[in-house]
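Please prepare a briefing on the structure shown below. It should be grouped by topic and suited to a computational chemist.

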Amino acid sequence: MKKAVILLSGGLDSTTVLAIAKAQGYEPYALSFRYGQRHSVELESAQRVAQAMQVKEHVIADINLRAFGGSALTADIDVPKGRDTATMETSIPVTYVPARNTIFLSFALGWAEVLEAQHIFLGINALDYSGYPDCRPAFIAAFETMANLATKTGVEGNKLSIHSPLIQMSKADIIRKGLELGVDYSLTSSCYDPAADGRPCGQCDSCQLRAKGFAEAGIADPLLLHYDQA
């Protein structure tokens with residue numbers, strides 16, 4: 001099997017990408033980050049997903065992005081609540097973590113080289129998203145070019161590929177694809193500001209985009225059903 005490093009946040013998109021990589025015959029090595037984010041709920045979800053989906057190895061790397069701050073996820077800044085989806089598309093929100101995907105992909109690139117893996121998967125999306133600049137196709141293309149210039153693997157002619165299979169999919173289509181592949185979305189978490197027990201706030205951008213996706217897919221969110229039944 002071809003080895004692949006999968007960036008796994010524990011959210012809906014990255015979990016779907018893990019399922020896609022497995023379905024395509026890749027041996028998955030999951031990489032998550034404890035980066036100084038405001039809560040650990042998503043990381044706990046990543047651990048559940050990695051175990052349930054039987055990844056080859058799951059590494060949680062420590063990076064202290066809270067040392068820089070600059071985001072509602074890594075500093076004492078309130079998470080925006082109740083914004084409509086049209087507003088989300090007009091500006092880059094304060095939940096954007098400066099250079100986060102570049103940093104995460106750099107770590108993934110280092111581990112891929114150690115594993116002799118030529119494939120990295122991540123769950124970024126350029127349709128139903130909050131306007132982050134590092135979720136665009138141009139960014140992925142540029143990073144892949146850089147990766148092949150900056151590594152021993154790339155220089156020796158073993159091309160590294162960055163896969164972003166969800167990048168042009170709507171959230172509803174992502175959910176449909178995941179369900180087709182047997183993803184259990186009750187294991188995932190998308191909320192920027194969950195309660196202590198992990199219950200999503202329902203009002204942050206990520207919660208609203210998730211709700212929109214399930215509504216458009218015509219499916220109840222199993223995560224909410226899980227909390228309603230608890």
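## Structural briefing

V17 lies in helix α1, which spans residues 12–23. The model discussed here is predicted. The points below cover two buried residues, the sheet, the enclosed space and two backbone positions of interest.

**Buried residue V17**

- V17 has a relative accessible area of 0% and is therefore classed as buried, the cut-off being under 20%.
- Between V17 and L122 the sequence separation is 105 residues, yet their C-alpha atoms are 6.6 Å apart in space.
- Once neighbours within four places in sequence are set aside, the contacts of V17 are I6, F121, L122, G123, P165 and L166.

**Buried residue S164**

- S164 sits in the loop that connects β5 (161–163) with α7 (171–180).
- With a relative accessible area of 15%, S164 also falls under the 20% cut-off and so counts as buried.
- Not counting residues up to four places away in sequence, S164 touches L122, I124 and I140.
- L122 is thus a contact of V17 and also a contact of S164.

**The sheet and helix α2**

- Five strands form an open sheet in the order β3-β2-β1-β4-β5, and their pairing is parallel.
- The edges are held by β3 (57–62) and β5; each has a single partner strand, so one side of each is without a neighbour in the sheet.
- On average, neighbouring strands of this sheet are turned by 25° against each other, direction ignored.
- The parallel strands β2 and β3 are joined by six bridges.
- One pairing is that of L31, whose bridge partner in β3 is V59.
- Helix α2 packs on the sheet and touches β2 and β3, with its direction at about 165° to that of β3.

**Enclosed space**

- Rolling a probe the size of a water molecule over the atoms reveals where empty space remains.
- The count is one cavity of 30 Å³ or more.
- The largest cavity holds about 870 Å³ of space.
- Its lining comprises 39 residues, and those nearest the centre of the largest cavity are S9, D13, E42, R100 and Y192.
- At least two lining residues of the largest cavity come from each of α1, β2 (26–34), α2 (41–52), α4 (100–115) and α8 (205–217).
- Sorted by class, the lining of the largest cavity contains 19 nonpolar, 12 polar and eight charged residues.
- Helix α2 therefore appears in two settings: α2 packs on the sheet, and α2 supplies at least two residues of the lining of the largest cavity.

**Backbone positions with positive phi**

- Most residues other than glycine have a negative phi.
- A99 is not a glycine, yet its phi is positive, at about 60°.
- The position of A99 is in the loop between α3 (85–88) and α4.
- A99 has a relative accessible area of 32%, which places it between the cut-offs of 20% and 50%, so A99 is partly exposed.
- E116 likewise is not a glycine and has a positive phi of about 60°.
- The loop that holds E116 runs between α4 and β4 (119–121).
- E116 is exposed because its relative accessible area of 71% is over 50%.

Notes. Residues numbered from 1 in each chain as written. Predicted model: local features only at pLDDT ≥ 70, side-chain atom pairs only at ≥ 80, totals over all residues. Heavy atoms only, no water. Helix = DSSP H or I, 4+ residues; strand = E, 2+ residues; numbered from the N terminus. Buried < 20%, exposed > 50% of the residue type's maximum accessible area, 1.4 Å probe, protein only. Contact = heavy atoms within 4.5 Å. 1 Å grid on protein atoms, 1.4 Å probe; cavity = no way out; pocket = protein on both sides within 12 Å on 5 of 7 lines; lining within 4 Å. Points joined across faces, edges and corners; volume = space filled by probe spheres on them. Nonpolar A, V, L, I, M, F, W, Y, C, P; charged D, E, K, R; others polar. Pairing = 2+ DSSP bridges. Axes fitted to C-alpha atoms, helices over the stretch in contact; angles between N-to-C directions.
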